[in-house]
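This briefing covers one helix crossing, the nonpolar cores and one group of paired strands. Please read it alongside the sequence and the model displayed here.

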Amino acid sequence: MRHSLEDIVTVDAETFYSTEFSLGKQQYNTSSYVRDDQFKEHCWSIKVGTKAAKVYTADDGIKLLQDLDWAKYALLAHNTSFDGFILSHWHGIVPHYYYDTLSMTRGLHNEVSRASLATVAEFYRIGAKSKTYLTPTKGLRDLSPVIMKALMDGCKLDVELCFEVFKKQVEIYPQHELDLIDMTIGMFCDPVLEVDIQMAKQALADEMIERRATILKSGASEEDLMSNPKFAKLLVAAGITPPTKMSNKTGLESFAFAQTDQEFKDLLDHEDKQVVILTQARLAAKSTQAETRAHRLIQAGEGGYKLPVGLNYYAAKTGRWGGTNKLNLQNLPRVNPYEPKPSDGLRRSIIAPKGHALVVTDSAQIEARINAWLCGQQDVVDLFAANQDVYKHMATQIYVGTTLDKITKDQRFIGKIACLSSDTLVLTPTEWKRIAAVKDTDLVWDGIEWVKHQGAIQRGQKITYSFKSVRATADHGILTEHGWRGWCEVRTNPSLFQSALRLANLPLSTGGPTLKQQDDHQGGNPQSDARADGKDESIEQILNSDAQLDATDVRKSLRALNAGGNIKAPYQTTGTARDFLIGCRRVLGAAIRQVMRCMSTMENAVYQCAQSGAQTVQHSLYTCKPSTAGTFQNWNSIEKTTTETTNPETSGSYPDQTTQKTNASYPIKNSLSVPCGESEMTYDLLSAGPRNRFTIWSDSGPIIAHNCLGLGYGMGAAKFQTTLSLGMMGPAVDLTLAESTRIVKLYRARNNKIAKAWKLLNEVLEKMAAGKSGTIFNGLIEYDPMTLWLPNGMGLHYPGLHKGEGGELRYKANDMWKKIYGGLLLENIVQALARIVVGEQMLGTQDELRKLKLKKNEVARVVLMTHDEIVSAIPARFADKFLAVQLDVMRVPPHNWGADIPLDADGGWAENYSK
């Protein structure tokens, strides 16, 4: 139930920071910063209900907060994870509910999801945040009266701005999404999970083994390897003239020992074995990335502290969560009980409190099920409903003559999508660019010539595998002298990897990425807005640029703001979907300004002013459509599900550290030679030239990657031909184009409803670009010129959607033009719907947990989620029964749509996080 404004306490804390002690420093994340002995609160500003904010010294502010009844009051802040964690860790204050305007901003404006309070307040025309009050406090533990007064004034202003932002946002925010924000913040501010420090330290030791062994093998000390001058002497002693380069910073000659310096990398292929060993040792000495996660985990659990689970609500366009707190628990390699790895200890070091267990359940093929249901592909829906293996059924048609019972494990991987990490460096004529930043106007090098493509496309959160700084899905195609091979095979086969390097000829005068480019690619500058985890630049650029406001929206906004600034909801929670859309637009006119950016000369050739009837390029800040949903129902377990209990043993130590995921499409030839798989947002290039390929950078030099799309989202015959040749669906299969065409036609004929959905969505995009509105999928989704409204009231936004000069559809996100087409739009919709389902499952699981009768000091809560997986901590005596209940919850369709989606789940429980 939504709180009255009178029952919300808005807070902001100002704390000590210095050059060495701040969230901008790599060694500190939010939890370690707050828990550090150096941490100190300067002051608190507190606003109780709608009363004017007041500012207090740290002691007085905490006394006031401790005297409040937190069973009644909810806590609000901008980045509540920071202020709320201070209150829980240092003062034992845990409110019954958390609000967070930073999270709400992500949900409302997910194209620019990291906006600071200053940016959001200015955009809403609420007021300006002080820009000078923090700087004078830097490095000062004790503040003078003058500095303290300025700090207090700024702190007080922040609270008032936060509250005003919240009033505008909460009017149109779906209640169930607010509940998910509360749950997400609670995982961090009121943590439950613990860390088995000894196991985590063992995992850290395992991570360090290969690095240490490589260094020892060289015979040099780590100190000598880390020092440029001393390493240079080692090379000279080995008969090598150290490579040099001109420094970008000083303009002076310096050693070229960076992992991206070509001459340095060439030493890895030197004919003298000792030179190769020295170079490998230098790289190992400089590389500590593999150890960072283990250090963070140990840091979080030392001293008996609980493990704060840092998740960013609505981190992705489709609403999915992402990792934060510089410890991404969503990226932990999964445990395979049949193939234990040294890194298993890291995941297993996350444990339930004493006497408790972790119940882990995962939605089974949720996107495939929703895709078939949404498109009306009833035969596939029926297969899922009958617990049939849909992938095997499709494989029998791909692998003609193979019966269902003969389909191998590898062959069932039909339609898997291959993708690359967002940090992948792609060669363009001007520089090596991160793939996520490649524009459709950038040519790319395909190994023979510069070719055009249709832009970088986001392919969703997927497991990637790292080697030589390349992170890609197991099946992503790499060109070798033996033809196209999947990344999993290339990275585990030194001979194949070297042959891939030999094929990647660069254009004349092109080298590797500069050191500056590589640094940017690896993370860039530390965040400047510590408590908001960074400041979004794209909004500020728009605010600081010359811009035009649509006159009608300006008048609406002025009328609303002049009337008092508090916008009342023009709708009821039981209204129709269309009423909600109309109501949302009314609120939109007053709460969230739509900005038409001044176009460049080229852009003006495409667009005309809105008043003349052409498309208006809208800024990427949007709101959500209020939900038609009521409260979530409580799901009851119908019958107990028989599920095998998971109780894996902890694996022992291995002589080699680096391991790899084993659920890939290729056999592992060297299981201890490459790093573990991690889940992250992935990208691909669309239609990169006639050869469907482009050049990417690895630590050993350039390699050629294939661009691949999935059958389920519109893959054509030529791409499918290459995909099969990669072995992406099992053993590599070489087919003629005619055979590939037959298979694609067969897929589309069998899945004709899905194929029709691509065409339908292409038509929808055309209508949106023409300024039209309507509904699709039997009214489940509404669309207007820039947004598709989802059944939970949130939106998929495509700001600036229009037809390009070549007839392609594109939109602007974070100041980048991106292509969009029917197949990709379907993927976005399916992922967004899947996320809605998982969100409901999280809330449904929490409802069931509340029914358990607990003893003193027992907990029963959802404590972690990883994409389609939910983790609950409960008293161990309930583990068997509640596993069945949680599985039942995850098999219940969405409560106000999709009642006939055949959902399924699997899971297990253990005292540690071992699934």
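In this predicted model, helix α8 (residues 197-218) passes helix α12 (residues 273-286) in a left-handed crossing. The two axes come within 8 Å and cross at roughly 140°. Since angles over 145 degrees count as roughly antiparallel and 140° falls outside the parallel and perpendicular ranges too, α8 and α12 are therefore oblique to each other.

**Contacts between the two helices**

- On the α8 side, the residues that meet α12 are Arg211, Thr214, Ile215, Lys217 and Ser218.
- On the α12 side, the residues met by α8 are Gln274, Ile277, Leu278, Gln280, Ala281, Ala284 and Ala285.

**Nonpolar cores**

- The largest nonpolar core comprises 156 residues, and those with the most contacts inside it are Leu65, Leu788, Leu826 and Ile829.
- Helix α28 (residues 822-849) supplies the largest share of this core, at 14 residues.
- A second core, separate from the largest one, has 28 residues, including Val444, Phe497, Phe694 and Ile696.
- Leaving aside residues up to four places away in sequence, Leu65 touches Val9, Val11, Trp44, Ile46, Trp70, Leu87 and Ile93.
- In soluble globular proteins, nonpolar side chains tend to be buried together.

**Strand β35 and its partners**

- Seven of the seven residues of strand β35 (residues 869-875) are buried, so this strand is largely enclosed by the rest of the structure.
- Strand β12 (residues 356-363) pairs with β35 in the antiparallel sense over seven bridges, and within this pairing Val359 has Ser872 of β35 as its bridge partner.
- Strand β34 (residues 861-866) also pairs with β35 in the antiparallel sense, over five bridges, with Met865 standing opposite Ile870 in β35.
- β34 and β35 form a hairpin with two residues between them. In the turn, His867 has a positive phi of about 60°.

**Asp362 in strand β12**

- Asp362 lies in strand β12, the strand that pairs with β35 over seven bridges.
- The relative accessible area of Asp362 is 15%; because buried means under 20%, Asp362 counts as buried.
- Not counting residues up to four places away in sequence, Asp362 touches Arg334, Asp868, Glu869, Met890, Asp904, Ala905, Asp906 and Lys915.
- Of these contacts, Glu869 falls within the residue range of β35, 869-875.

Notes. Residues are numbered from 1 along each chain as its sequence is written. This is a predicted model: local features need pLDDT of at least 70, side-chain atom pairs count only at pLDDT 80 or more; totals for chains, interfaces and linings use all residues. Side-chain values use heavy atoms; hydrogens and water are left out. A nonpolar core is a set of buried Ala, Val, Leu, Ile, Met, Phe, Trp, Tyr and Cys residues joined through side-chain atoms within 4.5 Å. Buried means under 20% relative accessible area, exposed over 50%, partly exposed in between (1.4 Å probe, protein chains only). Helices (H or I, at least four residues) and strands (E, at least two) are DSSP runs, numbered from the N terminus. Contact means heavy atoms within 4.5 Å. Two strands pair if DSSP finds at least two bridges between them. Axes are lines fitted to C-alpha atoms, for helices over the stretch in contact, and angles run from 0 to 180 degrees between N-to-C directions. Angles under 35 degrees count as roughly parallel, over 145 as roughly antiparallel, 65 to 115 as roughly perpendicular and the rest as oblique. A crossing is left-handed if the near helix is turned anticlockwise from the far one by less than a right angle, and right-handed if clockwise.
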